Amino acid sequence: MPRFAVLIPTRDRPDTVVHAVASVLRQPTDDVEVIVHDNSTDTSTVAALDRIEDRRLRIVHHPATLTMTGNWEAGLALVDADRVMVLGDDDALLPAALPSLERLLVDPSVGVVTWDKVKYSWPQRGFDRDKLKLPVAGRDRLQSSRVLLERTIREARAYERLPMLYSSFVPTELLSEIGRRAGRIVGSQSPDVYSGTAIALLVPT
């Protein structure tokens, strides 16, 4: 069983998903599995990914049309790792992501690890295209979930600061607990906001 899993739900984006997958497979560790849950309308995504030869990559094609949340839910059901994150099919992990994570997890009290996202706009996008925005680096810190939620709601702060599955490695047992309480892991049409809120409600820091 791998220590880390990166789930990439995708639909009809073979041109970007190959780069998302490559960014994970470039991580200097064998203790990770990449699960691509493909809900494309044709076989072009699978064909593009089949050219990647790496035992850490698992490709699952779901032929029936799923909603985005359905794609997430079906993909998360396949995860068999200690921790998981969801990576967008047009996103990427920075080269030192997993070594940084392993360093933080030396402390057994660390639960959810989250970070500020780097923002990149693809060249084919109309707004801000081909631009990279880097957050200012800061110290690793523990954040009170209660304070974070209150600030997000009362001060209209960016929801990206919540420990969303899009930008956090989350223990799979924590996601199982969300599933037990809510009947499913992804309980909203906005899985990023929902997961960030649900995770923050279950972990104190």
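Visitor: Is Glu-177 buried, partly exposed or exposed, and at what relative accessibility?

Guide: This is a predicted model, and the value is computed from it. Glu-177 has 22% relative accessibility and therefore counts as partly exposed, since the class of buried residues ends at 20%.

Visitor: Which side chain does Glu-177 meet in a salt bridge?

Guide: Side chains of opposite charge can pair when their charged atoms come close. Here Glu-177 meets Arg-181, with 2.7 Å from N to O. Both lie in helix α6, and because they are four residues apart there, about one helical turn separates them. Arg-181 is exposed, at 63% relative accessibility.

Visitor: Where does helix α6 lie with respect to the strands?

Guide: Helix α6, residues 172-182, lies across β4 and β8, and runs at about 70° to β8.

Visitor: How should I read the sheet, and what is the order of its strands?

Guide: Strands of a sheet pair through backbone hydrogen bonds, either parallel or antiparallel. In this structure the sheet is open, has six strands and mixed pairing, and follows the order β3-β2-β1-β4-β8-β5. The edges are β3 (57-61) and β5 (113-114); each has a single partner strand, so one side of each has no neighbour in the sheet.

Visitor: Which helix packs on the sheet by touching β1, β2 and β3?

Guide: That is helix α1, residues 14-25. The direction of α1 makes about 165° with that of β2.

Visitor: How many bridges join β4 to β8, and do these strands run parallel or antiparallel?

Guide: Two bridges join β4 (residues 83-86) to β8 (residues 168-171), and the strands run antiparallel. Val-84 stands opposite Val-170 of β8.

Visitor: Is His-37, in strand β2, buried or exposed?

Guide: His-37 is buried, with a relative accessible area of 2%. Setting aside neighbours within four places in sequence, the contacts of His-37 include Leu-7, Ile-8, Val-60, Leu-66 and Leu-78. Asn-71 and His-62 are also among them.

Visitor: What about Thr-152 in helix α5: buried or exposed?

Guide: Thr-152 counts as buried, at 14% relative accessibility. The C-alpha atom of Thr-152 is separated by 8.0 Å from that of Leu-162, which is 10 residues away along the chain.

Visitor: Which residues form a nonpolar patch on the surface?

Guide: Tyr-120, Leu-132 and Leu-134 form the patch, and together they have about 340 Å² of accessible area. Leu-132 belongs to strand β7, residues 131-133. Leu-132 is exposed, with a relative accessible area of 54%.

Visitor: How many salt bridges does the count come to, and which parts does the pair of Asp-30 and Arg-55 tie together?

Guide: The count is 11 salt bridges. Asp-30 and Arg-55 meet at 4.0 Å, N to O. Asp-30 is in the loop between α1 and β2, and Arg-55 in the loop between α2 (44-49) and β3, so the pair ties together parts 25 residues apart in sequence. Asp-30 and Arg-55 are both exposed.

Visitor: Which loops hold Arg-161 and Asp-116?

Guide: Arg-161 is in the loop between α5 and β8, and Asp-116 in the loop between β5 and β6 (119-121). The two are 45 residues apart, and their side chains meet in a salt bridge of 3.4 Å, N to O. Arg-161 is partly exposed at 47% relative accessibility, and Asp-116 is partly exposed at 35%.

Visitor: Which residues are linked in a network of salt bridges?

Guide: Arg-13, Asp-89 and Asp-90 are linked in this way.

Note on methods
Residues are numbered from 1 along each chain as its sequence is written. This is a predicted model: local features need pLDDT of at least 70, side-chain atom pairs count only at pLDDT 80 or more; totals for chains, interfaces and linings use all residues. Side-chain values use heavy atoms; hydrogens and water are left out. Two strands pair if DSSP finds at least two bridges between them. Contact means heavy atoms within 4.5 Å. Axes are lines fitted to C-alpha atoms, for helices over the stretch in contact, and angles run from 0 to 180 degrees between N-to-C directions. Patches are made of residues with over 30% relative accessible area and no salt bridge: like charges are joined within 9 Å, nonpolar side chains (Val, Leu, Ile, Met, Phe, Trp, Tyr) within 5 Å. Accessible areas come from the Shrake-Rupley method with a 1.4 Å probe; for residues, only the protein chains shown count as cover. Buried means under 20% relative accessible area, exposed over 50%, partly exposed in between (1.4 Å probe, protein chains only).
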